[in-house]
2 protein chains.
Amino acid sequence: MTTIRDVARLAEVSTMTVSRVVNARPQVSPATRERVLAAMVELDYHVDLTARQLRSGSSGTVALIVPRLDHVYFGQLGAQLADAVGKRGRHLVVEQSSASREGELAALSLARLHMYDGAILSVVGLGNTEVNRIRATLPVVLLGEKPVPRRFDHVMMSNVAGARLATGHLLDCGARRVMIVGGEFGPVSRGMRFARTTGWEEAHSARGLAVDPRLVLSSDPIKAQMARTAVSRAVTRDPSIDALFCVTDEAAIGAMAGLADAGRRVPEDIQVVGFDNLAIGAHIGPGLTTIDPGNDWIVENVVRLLEARMSSPPPTAAEHLVAPARLVERGSTKRAGVR
Amino acid sequence: MTTIRDVARLAEVSTMTVSRVVNARPQVSPATRERVLAAMVELDYHVDLTARQLRSGSSGTVALIVPRLDHVYFGQLGAQLADAVGKRGRHLVVEQSSASREGELAALSLARLHMYDGAILSVVGLGNTEVNRIRATLPVVLLGEKPVPRRFDHVMMSNVAGARLATGHLLDCGARRVMIVGGEFGPVSRGMRFARTTGWEEAHSARGLAVDPRLVLSSDPIKAQMARTAVSRAVTRDPSIDALFCVTDEAAIGAMAGLADAGRRVPEDIQVVGFDNLAIGAHIGPGLTTIDPGNDWIVENVVRLLEARMSSPPPTAAEHLVAPARLVERGSTKRAGVR
DNA sequence: GTGAAAGCGCTAACAG
DNA sequence: CTGTTAGCGCTTTCAC
């Protein structure tokens, strides 16, 4: 491992001068710069970022913490954020929060965060106590639906409004028995599924319709396979179901397979709407109608907020933003007004 | 920022004792341990991992470098690796290599690697010069199809054999005009697409059949949309096509949508096989027949090799492994022997 | 334009 | 069981 001192010795300068060359500081004469560069090449020197970070206090790196790396949605989000963060001269790294065992997470994982200049945390699957333990000095932007301490910047999707939009569209397209796949009733968890279930209810009541609690199908929305099995069984048991609002696109993909298993056509027999606007949705069956949660908007604002909080002086007041949701109509629903 | 010294002062011990408590070393009396722990809580102390790493030389972290975070395949791989690495007491972070601009990548990104105890590099989209510049001291396992310096451990998929399996299955199921979607002829790039095209050829010649170079459809395999458009156009232009071997599942999903656009049924009119065994494939159309590249096997071996190389003394000889590919039969193909 | 000194926060190695 | 000393590789600060 060659250090700055080896280079300095070979180039016959001080370590400080080498440091200046490495950091492309202007106050070095061309002649010495050449000598130093030559020495660096000869010794195959590479800067030690750990040491630099310890001394300078910054790493040029931002972390994105997601519950699972294999959720397609987070893959899309990560890619978008990596591009946006990279454009501002920083690096993004992605970590999965749910991998480590409980104990680890609380203690070590928290310390890990402080190795970064800032962090973007998906609070899904993160305990509130953990979030609260984050020191105020670390620039953090929170992502997700849980109620969080107000001192943090927070960007969330329009879960309720989006779900209202989705369900409303189904009702306006003539559906009367809209099952919510991956729904969740009551305040068990105040998470994403609960919020989307609320939107589903609101769409009904706004039209003077009552919801049937038996239409809440509480399968794990992330597992397409579970949605598939549950939906197939449900529509067979209750033939009156004429539409599905699935709380995620992944659930919707499973659900559409389940409908095929049960011999139902989409959208003729049963209409389907998802949520997330995954790129792949356009190519599933007749095309999956879905809710675009406003990812571009989210990414743009997350990066803006984080950048602001990493600057000095950081803003004092935290912002709490809600991204605008938008209906993306495709073939899995009929056209509004048509029955 | 409270340090170990603040804690030491409050607890009236030396910094070393605090360090021992933090690291759960046994040689501390219960009484002092209590005092130290109390002080830590009172001051809200958290260890600085950067400093620890500089001093101890290890970070407990392994990096996975992928070309794009939004490729579903890499999401699956990342999740599996995170679990496997976590089980051995380390942490996985994922970085996207193609985000940063050229210059950055060569210089800074390389230095970044050395912040980790080890790295798993997907060489897709990585220049050979860059790979070569990696110092021998960093434990690295390479992933992917490019020819790489033999000094590295290297785990690859059976691209050729897998593609042969896929194409062979189509031929055995009665297909005679098998188009390869996302294929690539000639030694332009010796990457994954080329290898899979080779397997496609080999399956033909093994059966005494000639390949028609016009059946190589060179769309970007990752973009489902491109595969969709290209396939739809191709099967309309050439009605003799009776099967598609798609170089990735994502391409296959797009291709199946393209077939639907063109009014072809799967598998009656045209059979389809993909490659990657994405979880979602089971729920697309009649179920996507695909090649399982042996992800479990890959993950297991990658972690084993990396762990070995991080140990001391590290092994001297590099291993070069090829994962066994396996055909996963689903509804997008007919049964072998049936015409 | 260049260098010397100091120290970021922590732990290895050795004493006691 | 506890403490002292030294220093990881770099950059900040100040001096020349």
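## Sorting residues by class

Ala, Val, Leu, Ile, Met, Phe, Trp, Tyr, Cys and Pro count as nonpolar, Asp, Glu, Lys and Arg as charged, and the others, Gly among them, as polar. Keep that in mind as you look at this structure, which is a predicted model.

## Around DNA strand C

Let's start with DNA strand C, which has 25 residues around it. Sort them by class and you get 11 nonpolar, 10 polar and 4 charged. The closest ones are T3(B), I4(B), S19(B), D48(B) and A51(B).

Which helices help build this surface? Helix 2 (15-22) and helix 4 (49-56) of chain A, plus helix 2 (15-22) and helix 4 (49-56) of chain B, each bring at least two residues. Helix 4 of chain B gives the most, with 5 residues.

## Around DNA strand D

Now hop over to DNA strand D, where 25 residues surround the strand. Here the closest are T3(A), I4(A), S19(A), D48(A) and A51(A). The class split is 11 nonpolar, 10 polar and 4 charged.

Helix 2 and helix 4 of chain A, along with helix 2 and helix 4 of chain B, each supply at least two residues of this surface. The largest share, 5 residues, comes from helix 4 of chain A.

## How the two chains are related

Turn chain A by 180 degrees, shift it 0.1 Å along the rotation axis, and it lands on chain B with an RMSD of 0.2 Å. That is the relation of a two-fold axis. In chain A, the residue that comes closest to the axis is V94(A), at 2.5 Å (C-alpha).

What about the place where the copies meet? Since 100% of the interface residues of chain A are also interface residues in chain B, the copies meet through the same surface.

Technical notes:
Residues numbered from 1 in each chain as written. Chains lettered and ligands numbered in written order. Predicted model: local features only at pLDDT ≥ 70, side-chain atom pairs only at ≥ 80, totals over all residues. Near = placed C-beta within 6 Å. Helix = DSSP H or I, 4+ residues; strand = E, 2+ residues; numbered from the N terminus. Least-squares fit on C-alpha atoms with pLDDT ≥ 70 in both. Contact = placed C-beta atoms within 7 Å.
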